[in-house]
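Notebook open, viewer loaded. I want to go from the whole chain down to single residues and jot down what I look up.

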Amino acid sequence: MTPAMNSTRRLSARAVALIGTGAVVAYALLAAVQILVWNPQAAVPGVGLDQIYADVAATGESMAAGMVIAFLAVGPLLAIALLGRVA
């Protein structure tokens, strides 16, 4: 394999890694918005998100936003860690 071919392969691997990492991060962000914003608004149409969260808290329950973020952060963190191996 020539040095030029090796350089092109490395550049292609980096591009794929960057695009893949971006896709994983975007997917996690979209999932967080779906779970924490769109689903509650769909369940209680016409009521503001702040009011929905307040009503849930008033019943002694939680929307567990921190848990959702922590769970969804696993994929992007792994993708970013693996991106470091390619670069």
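How much accessible surface does the protein chain have, and what share of it belongs to carbon and sulfur atoms? I get about 6,400 Å² for the protein chain, with 71% of that on carbon and sulfur atoms. Areas here are Shrake-Rupley with a 1.4 Å probe, and for residues only the protein chains shown count as cover.

**Ground rules**

I'm working on a predicted model, where local features need pLDDT of at least 70, side-chain atom pairs count only at pLDDT 80 or more, and totals for chains, interfaces and linings use all residues. Numbering starts from 1 along each chain as its sequence is written, and side-chain values use heavy atoms, with hydrogens and water left out.

**Confidence**

I checked pLDDT, the predictor's confidence in each residue from 0 to 100. The protein chain has a mean of 90, and 91% of its residues reach 70 or more. Confidence is lowest in helix H1 (residues 3-43), with a mean of 89. It is highest in helix H2 (residues 49-58), at 95.

**Fold and overall shape**

I count 3 helices and 0 strands in the protein chain. These are DSSP runs numbered from the N terminus: helices are H or I with at least four residues, strands are E with at least two. Along the sequence the pattern reads α-α-α. The radius of gyration is 20 Å, well over the 12 Å that the globule rule gives for 87 residues, so the protein chain is more spread out than a compact globule. For the record, that radius is taken over C-alpha atoms, and the rule is 2.2 Å times the number of residues to the power 0.38. I also took the box along the principal axes: the C-alpha atoms fill roughly 65 × 20 × 15 Å.

Next I looked at burial, where buried is under 20% relative accessible area, exposed is over 50%, and partly exposed is in between (1.4 Å probe, protein chains only). Of the 87 residues, 14% count as buried. For contacts I use heavy atoms within 4.5 Å. Among contacts between residues at least 6 apart in sequence, 62% join residues at least 24 apart.

**Helix H1**

Which residues does Thr21 contact, leaving aside its neighbours within four places in sequence? I find Ala79, Ile80 and Leu83. Thr21 sits in H1 and counts as buried, because its relative accessibility is 10%.

Leu30 is also found in helix H1, but it counts as partly exposed at 48% relative accessibility. Leu30 joins Val33 and Trp38 in a nonpolar surface patch of about 270 Å². My patch rule takes residues with over 30% relative accessible area and no salt bridge, joining like charges within 9 Å and nonpolar side chains (Val, Leu, Ile, Met, Phe, Trp, Tyr) within 5 Å. A salt bridge would be a side-chain nitrogen of Lys or Arg within 4 Å of a carboxyl oxygen of Asp or Glu.

Asn39, in H1 as well, is partly exposed with a relative accessible area of 39%. From Asn39 to Arg85 I get 37 Å, C-alpha to C-alpha, across 46 residues in sequence.

**Loop between H2 and H3**

Met63 lies in the loop between H2 and helix H3 (65-86). With neighbours within four places left out, Met63 is in contact with Leu36, Pro40, Tyr53, Val56 and Val68. Met63 still counts as partly exposed, at 26% relative accessibility. Its C-alpha is 19 Å from that of Val74, 11 residues away along the chain.

Ala64 lies in the H2-H3 loop too, and its phi caught my eye: positive, about 55°, although Ala64 is not a glycine. Most residues other than glycine have a negative phi. At 27% relative accessibility, Ala64 is partly exposed.

**Helix H3**

Is Phe71 buried or exposed? Phe71, which belongs to helix H3, counts as exposed because its relative accessibility is 67%. I put its C-alpha 18 Å from that of Gly22, with the two positions 49 residues apart along the chain counted as sequence separation.

Ala81 is in H3 as well and comes out partly exposed, at 47% relative accessible area. The C-alpha atoms of Ala81 and Glu61 are 35 Å apart, for a separation of 20 residues along the chain.
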